[in-house]
Amino acid sequence: MALLPTIEIQTQDQPDAAVIWLHGLGADGNDFAPVVTELALPDDLKIRFIFPHAPKIPVTVNGGYVMPAWYDIFEMQIDRRVDVEQLMGSARAISALIEREIERGIASRRILLAGFSQGGAVAYQAALAFPEPLGGLLAMSTYLATGDSIEPDAANEQLFIEIHHGLYDPVVPEHLGRKALKRLEELGYHPDYKTYPMEHGVCPEQLRDISRWILKRLER
């Protein structure tokens, strides 16, 4: 499998941790790249941030317009009718990026996955099904599209999961975040769930929480 094109930002030379961060529908890896400096992480953290670009495909709910997308969405009830085969293919592509980080010398437990909106749905699938233990999963303004079919790998049955959602999100309504939380709890996970007084995006308070989450997950 050819690796996805990515943007890479290293906070220090010889990184010993990695954060793979997936963008939402219609965006690309540039969307969240500026976040690295905004997180104001300690100078001694040696992290490689990886922002992959989704392929450009026709998206049904947008009239078949070709745009960056991790999978097709067939109708506006986005938690119900999506192209699961495409989603699974994107999850495999993200798994390949995780495997590359392991080959580069990063321990799997020091690899974090983060995903926003459609990217979060892919991150859920990729992280829960990955066959080596990961350091954590951050799911932002998203939903568990494969909740009925996902088969978590035993290696990640104790995965640290944090879910963030805007209370006034008109794109991915907050009840879908809570639906994901409930399904994860049914699967035996214990996610942290945080809400923010925002719509579909990222706010300063959330960035501070993300910074603390990364620091906690990667502290030695």
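**Entry 1: Ile20**

I started with Ile20 and listed its contacts, skipping neighbours within four places in sequence: Ile50, Pro52, Ile94, Leu97, Ile98, Ile111, Leu112, Leu113 and Ala114. The model is a predicted one, and I read everything below with that in mind.

**Entry 2: the cores**

I then looked up the nonpolar core that holds Ile20. This is the largest nonpolar core, with 44 residues, and Ile20 is listed among those with the most contacts inside it, together with Tyr71, Ile94, Leu113, Tyr124 and Ile161. Two of these, Ile94 and Leu113, also appear in the contact list of Ile20.

Next I noted which elements give two or more residues to this core: β2 (17-22), α2 (84-103), β6 (111-116), α3 (118-129), β7 (136-140), β8 (161-166) and α4 (174-186). The largest share comes from α3, with seven residues. Apart from this core I found another, of 24 residues, which includes Ile7, Val36, Leu207 and Ile214.

**Entry 3: the chain as a whole**

I went through the secondary structure and recorded five helices and nine strands. Read from the N terminus, the order is β-β-α-β-β-β-α-β-α-β-β-α-β-α.

For overall dimensions I took the C-alpha trace, which spans about 45 × 35 × 35 Å along its principal axes. I compared the radius of gyration, 16 Å, with the value near 17 Å for a compact globule of 220 residues, and the two agree.

I checked burial next: 55% of the 220 residues count as buried. Among contacts with a separation of 6 or more, 71% are between residues 24 or more positions apart.

**Entry 4: surface and charge**

I noted an exposed area of about 10200 Å² for the protein chain, with carbon and sulfur atoms supplying 48% of it. On charge, I recorded 20 positive and 31 negative side chains. The centres of the two sets lie 3 Å apart.

**Entry 5: Gly201**

I ended with a residue in a loop. Gly201 sits between β9 (192-196) and α5 (204-218). Is Gly201 buried or exposed? Its relative accessibility is 19%, and the cut-off for buried is under 20%, so Gly201 counts as buried.

I listed the contacts of Gly201, again leaving aside neighbours within four places in sequence, and found Phe116, Ser141 and Gln206. I also looked up Leu184, which is 17 residues from Gly201 in sequence. In space, the C-alpha atoms of Gly201 and Leu184 are 23 Å apart.

Key:
Residues are numbered from 1 along each chain as its sequence is written. This is a predicted model: local features need pLDDT of at least 70, side-chain atom pairs count only at pLDDT 80 or more; totals for chains, interfaces and linings use all residues. Side-chain values use heavy atoms; hydrogens and water are left out. Helices (H or I, at least four residues) and strands (E, at least two) are DSSP runs, numbered from the N terminus. The radius of gyration is taken over C-alpha atoms; the globule rule is 2.2 Å times the number of residues to the power 0.38. Buried means under 20% relative accessible area, exposed over 50%, partly exposed in between (1.4 Å probe, protein chains only). Contact means heavy atoms within 4.5 Å. Accessible areas come from the Shrake-Rupley method with a 1.4 Å probe; for residues, only the protein chains shown count as cover. Lys and Arg count as positive and Asp and Glu as negative; His and the chain ends are not counted. The place of a charge is taken as NZ of Lys, CZ of Arg, CG of Asp or CD of Glu. A nonpolar core is a set of buried Ala, Val, Leu, Ile, Met, Phe, Trp, Tyr and Cys residues joined through side-chain atoms within 4.5 Å.
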